[in-house]
Amino acid sequence: MKHVLVTGALGQLGSTFQRLAHRFPGLEFVWMDRNSLDITDPEAVSQALAQRRYSYLLNCAAYTAVDQAESEPEAADRINHLGACVLAQGCADAGVHLVHISTDYVFDGTSSIAYTPEDAPNPQGVYGATKWKGEQCVSRYAQRYTTVRTSWLYDRTGKNFVQTMLRLSQTQKELRVVNDQIGSPTFTEDLAWAIGAHMEQGTLPKGITHFSNTGSCSWFEFAQAIFEERGIDIHVAPVSSAAYQAAAPRPAYSLLALTPQYSSRPWRAALKDALTTHNQTP
Ligand SMILES: NC(=O)c1ccc[n+]([C@@H]2O[C@H](COP(=O)([O-])OP(=O)(O)OC[C@H]3O[C@@H](n4cnc5c(N)ncnc54)[C@H](OP(=O)(O)O)[C@@H]3O)[C@@H](O)[C@H]2O)c1
């Protein structure tokens, strides 16, 4: 049996892991939310890691409000950068493999082919910059680590693009959605399944890795697919990022080249599952 300490356990990805935990009989999870373990507190992290012989620390904690980060750079840096440094150091001291989650927003989006883990990051906004600094701490200090970059994460519930579209469709007749940012949506259950299965088997690829659902779309096409799957009749108008005027700049293209050890499925199939069935895993 391998023991896994999960931080940020009440967030979108942490909650998904809690929901799917029974699918990994070889893993015993200890769930820590922000109140039980603040990842920016070195002493608390060391104490938590000393409580049993952990094989992995799975960091699902993060500051993820991309636009808000532009006006709260210190808060974003504290959690995404300092927090990652604290976990990396704590894991190194305790001999624990750190599994850290990062983002496609570390890239500037000027590529026209999928980004590989070897491509140089050049984040455009505060959120991406703080996540990239966190990644660098993990690579520098953790003795054993896996950083999993993922993109456009959504779950069956909670705060994410899919749920926002569904909520807005209840009160709006038309929605404006950007059509000049291309990436791949990722269903949290697919990400959790990929990571959990490899942790259980001890085959998690090391270093910086990429996981998303496969294929690509714009946010506009993603929105259209959400409404098609749910049979919702609403007009979706494509708009440019310049016209939409979000606070944070985002990469125009952020497709991730998947790390070969991970298996995934097309984003549309995952979306269909997320919207029509319950607790299915591939
Ligand atoms: N969401 C996306 O579209 C997306 C895309 C690509 C990559 N990612 C990455 O995927 C990972 C998981 O994202 P998510 O969507 O699950 O994020 P989320 O729903 O925002 O969850 C993050 C969790 O971390 C907690 N947290 C914040 N500060 C903390 C601290 N100091 N100590 C402990 N916990 C703390 C938050 O608590 P509070 O709610 O109380 O603040 C929240 O429960 C993150 O690393 C994110 O950068 C996300």
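**Exercise 1. Determine how Tyr 127 and its neighbours approach the ligand, and describe the shell around the ligand.**

*Solution.* Begin with Tyr 127: a polar side-chain atom of this residue lies 2.7 Å from an oxygen atom of the ligand. Such a polar contact is a pair of N or O atoms within 3.5 Å; within protein, one must be able to donate a hydrogen and the other to accept it, and residues adjacent in sequence count only if both atoms are side-chain atoms. The model is predicted: local features need pLDDT of at least 70 and side-chain atom pairs count only at pLDDT 80 or more, while totals for chains, interfaces and linings use all residues. Residues are numbered from 1 along each chain as its sequence is written, and side-chain values use heavy atoms, with hydrogens and water left out.

Next, consider Lys 131, where an N or O atom in the side chain is 2.7 Å from an oxygen atom of the ligand. At Leu 13, a polar backbone atom is 2.7 Å from a ligand oxygen atom. On its own the ligand has 910 Å² of accessible area (Shrake-Rupley method, 1.4 Å probe; for residues, only the protein chains shown count as cover), and the protein covers 79% of that 910 Å².

Then turn to the shell, in which 23 residues surround the ligand; a residue is near a molecule or strand if one of its heavy atoms lies within 4 Å of it. The closest are Leu 13, Arg 34, Thr 64, Tyr 127 and Lys 131. By class, the shell holds 12 nonpolar, 8 polar and 3 charged residues. Here Ala, Val, Leu, Ile, Met, Phe, Trp, Tyr, Cys and Pro count as nonpolar, Asp, Glu, Lys and Arg as charged, and the others, Gly among them, as polar. Strand β4 gives the largest share of the shell, 3 residues.

**Exercise 2. Establish how strand β4 is placed among its neighbours.**

*Solution.* Helices (H or I, at least four residues) and strands (E, at least two) are DSSP runs, numbered from the N terminus. First, examine burial, where buried means under 20% relative accessible area, exposed over 50%, and partly exposed in between (1.4 Å probe, protein chains only). In β4, 7 of the 7 residues are buried, so this strand is largely enclosed by the rest of the structure. His 97, Val 99, Ile 101 and Thr 103 point one way, and Leu 98, His 100 and Ser 102 the other way.

Second, examine pairing, which requires that DSSP finds at least two bridges between two strands. Strand β3 (residues 56-59) pairs with β4 in the parallel sense over 4 bridges, and Asn 59 stands opposite His 100. The pairing of β4 with β5 is likewise parallel, over 6 bridges, with Leu 98 opposite Tyr 145. In β5 (residues 145-150), 6 of the 6 residues are buried.

**Exercise 3. Identify the disulfide and the parts that it joins.**

*Solution.* Apply the rule that a disulfide is a pair of cysteine sulfur atoms within 2.5 Å; the count comes to 1 disulfide. Cys 85 is joined to Cys 137, with an S to S distance of 2.0 Å. Cys 85 lies in helix α3 (residues 73-94) and Cys 137 in helix α4 (residues 126-141), so the pair ties together parts that are 52 residues apart in sequence. The link is right-handed, with 85° about the S-S bond. Both Cys 85 and Cys 137 are buried. Cys 91, by contrast, is in no disulfide, and its nearest cysteine sulfur, that of Cys 85, is 12 Å away.
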